[in-house]
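Subject: Structure handover and notes

Dear colleague,

I am passing on the structure we spoke about, and I would be grateful if you could read the notes below with the model open beside them. They begin with a few individual positions and end with the ligand site.

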Amino acid sequence: MIGLLSSPANGMPIGAMQAAIPFGLGLASAAYMATRAASAPGFSTDKRIPIASLRPGDSSHDDEYNEDPDAFLERCEKEYGPVFNIYLLNMALTVISGPQAREVFTNESFSGNDVREKHVRMRSYFNSGRKSNFNEITIRTLIREMVNRFIPTYTPKIAAQMNIDIDQEIVHCPAEKEAKLVVKPRLALQKIIANTMAHVLFDPEIAKDRKVIETLISASADLGPAFINGNFRASKWRAFVRWSNCKLLHPLRNHAQTLVEASTPVIRERRRLEALANETGVEWERPDDVLQHMVDDFDKYGFMDLEDLCAHLLIIAGMYVYTATDIVTNMLYYLAAFPQYMDRLFQEQQQVLDTIQAEREQARQERSREGKPIGDDLDPAHDRDLTAAAIKKMIYMDSFVREVFRFRTERLGIMHLALEDVTLSSGIMISKGSTVIINTRPAHQSSENGEDVTEFRPWRFVGKNKAATKVGMDYLPFGIGSRSCPGRFMNIQEAKVFGELMISKYSKIEIPDPSKTKMALYARLGEAIDTNLKLTSRD
Ligand code: HEM
């Protein structure tokens, strides 16, 4: 079944590899650029779509948008309606707002994957490691079947491992007895997340390997550009360099080989134990991680060998590390910026855990009365664990997380390429080859979300049947419909577990330099700023 491979190579992030492009590519690249430039499409050919006016002196809308995204979009929506053209990120983009955004998300002729391939060569990156008949749907299916289904089992493991890693990475502040200082939180949190994910997705033995953690972080850096936002600027040259890197240097394959080397002995040992159990008629306690699930379903997914499997596993793991690092960093910034909400969250946590503890105690007493043994499932040592059931009951934390996403999500984001001419319900035609971008402002600031929509009000979703994972036209960070993000379930679970651990450990989180607070709150995905944080312990 699996041909175990062994040709390790250390992966380098794509950025580092750019220096390695041979000069001989110069001629080929000039020819390539000329062809691409000649065929580069601009705005849709439908001349009814207005082009937003530029401020005097501006040659694009970038500055006006970046200075005040809400004001810029309000102006455009008022002057031009829900569909208008802008020059942003070195691109000609058609902005779609309001109900017509749904048509973009749900019409297969608008492709997010093709935008990601065109600008950041994401499919080429995937292809630099995969061998089987892969397409993007495989990744979605793997996430659903290998990760989302098992979130209840992964949750206590995430909590236990994160707890250890937080204590290890967050050090005491020598200057102040009570306080701890996180210098450059993003880096410390990246280590915590990478280590936690490696434990949960791979295996504790594999997670111990420093090379694996480095590879995981490196893969996550390669995958980050998939989000095409923030500092991204469209450049045919950069896309070409990235494509060449993928073709020549096979970055994902290099990462996969590191994981193959680390996982081969683990898989062999698992097989030995399984065979032994079969021989002796004992049931083998199957390891509960994504690696094992993928090995079990090796034939179902048609993986060619272990390297192919590891490439797929690294795409998923790398995406989690990239996004979860960003999310938990921002969770801390929001807890720091709005300290008045910490107590409510802590109170909720204690109430939920007290109730669960009392219920378990009652169940133990019942078992004793019935003369039954108290099994591992009711071990008092786990009464106050952060299980999936406990997290589900923490509705204030869920609302807090949803509000962070609503409040912070980039106003213009989620691009799609029109694969053919598409006529929207308003009659406007988006022509083949043009790129549309969603305006999330009207959705996130609609009255559907209650009052004070320009304010951060973390309890606005409590009791409203709007979980942080529930997508809709009033909540677009993860898209909507059948192509909505399958990674959000695990990401949000991690964010909540992390938030619960932090509020149980610390009573106060501060940004020592308050001039950075605003920047921290509005940081775009993947660009969480590195301002220090001061944490004061609860006891
Ligand atoms: C903050 C975290 C994340 C955000 C904001 C986010 C956002 C999105 C959005 C907006 C879409 C829909 C794009 C469209 O309509 O074309 C999407 C799709 C997708 N996301 Fe995420 N995502 C996140 C995390 C992740 C993670 C961690 C993974 C993988 C482990 C992931 C995997 C995917 C995949 C595979 C799709 C494509 C689904 C399809 O085309 O069927 N995402 N994501």
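I begin with A256, which is part of helix α14, the run of residues 251-280. Please keep in mind throughout that this is a predicted model. A256 has a relative accessibility of 0%, and it therefore counts as buried, the limit being under 20%. Although A256 and D308 are 52 residues apart along the chain, their C-alpha atoms are separated by 7.6 Å.

A second pairing across the sequence involves L216, which belongs to helix α12, residues 210-223. L216, too, counts as buried, because its relative accessibility is 0%. Its partner in space is A317: the two are 101 residues apart in sequence, yet the distance from C-alpha to C-alpha is 7.2 Å.

D305 may also be worth your attention, as it is found in the loop that runs between α16 (298-301) and α17. Is D305 buried or exposed? Its relative accessibility is 11%, so D305 counts as buried. The side chain of D305 is joined to that of K131 by a polar contact of 2.7 Å.

Two residues deserve a check of their backbone angles. Most residues other than glycine have a negative phi. H250, which is not a glycine, nevertheless has a positive phi, near 45°. H250 sits in the loop between α13 (236-249) and α14, and with a relative accessible area of 23% it is partly exposed. The other case is D452, again not a glycine, where phi is positive at about 50°. D452 lies in the loop between α21 and α22, and its relative accessible area of 43% makes it partly exposed.

I turn now to the ligand. The space that the ligand takes up is the largest pocket. There are 22 residues around the ligand, and those that come nearest are R140, T323, H416, C485 and N491. Sorted by class, the shell around the ligand consists of 15 nonpolar, five polar and two charged residues.

Which elements supply at least two residues each to that shell? They are α8 (136-147), α17 (306-337) and β6 (412-418). Of the contributions to the shell, that of α17 is the greatest, with five residues.

Two side chains approach oxygen atoms of the ligand. In R140, a polar side-chain atom is placed 2.3 Å from a ligand oxygen, while for H416 the corresponding distance, again from a polar side-chain atom to an oxygen atom of the ligand, is 2.8 Å. When you look at the site, I would suggest viewing these two contacts together.

The last point concerns the iron atom of the ligand. Which residue of the protein acts as its donor? The iron has a single donor from the protein, the SG atom of C485, at a distance of 2.3 Å. C485 is located in the loop between α21 (441-444) and α22 (488-505), and D452 also lies in the loop between these two helices.

Please write back with any questions once you have had time to look through the model.

With best wishes

Key: Residues numbered from 1 in each chain as written. Predicted model: local features only at pLDDT ≥ 70, side-chain atom pairs only at ≥ 80, totals over all residues. Heavy atoms only, no water. Near = heavy atom within 4 Å. Polar contact = N/O pair within 3.5 Å; in protein donor to acceptor, adjacent residues only side chain to side chain. 1 Å grid on protein atoms, 1.4 Å probe; cavity = no way out; pocket = protein on both sides within 12 Å on 5 of 7 lines; lining within 4 Å. Sits in = over half its atoms within 2 Å of the grid points. Helix = DSSP H or I, 4+ residues; strand = E, 2+ residues; numbered from the N terminus. Nonpolar A, V, L, I, M, F, W, Y, C, P; charged D, E, K, R; others polar. Donors = N, O, S within 2.8 Å, 3.2 Å for Na, K, Ca; no water. Buried < 20%, exposed > 50% of the residue type's maximum accessible area, 1.4 Å probe, protein only.
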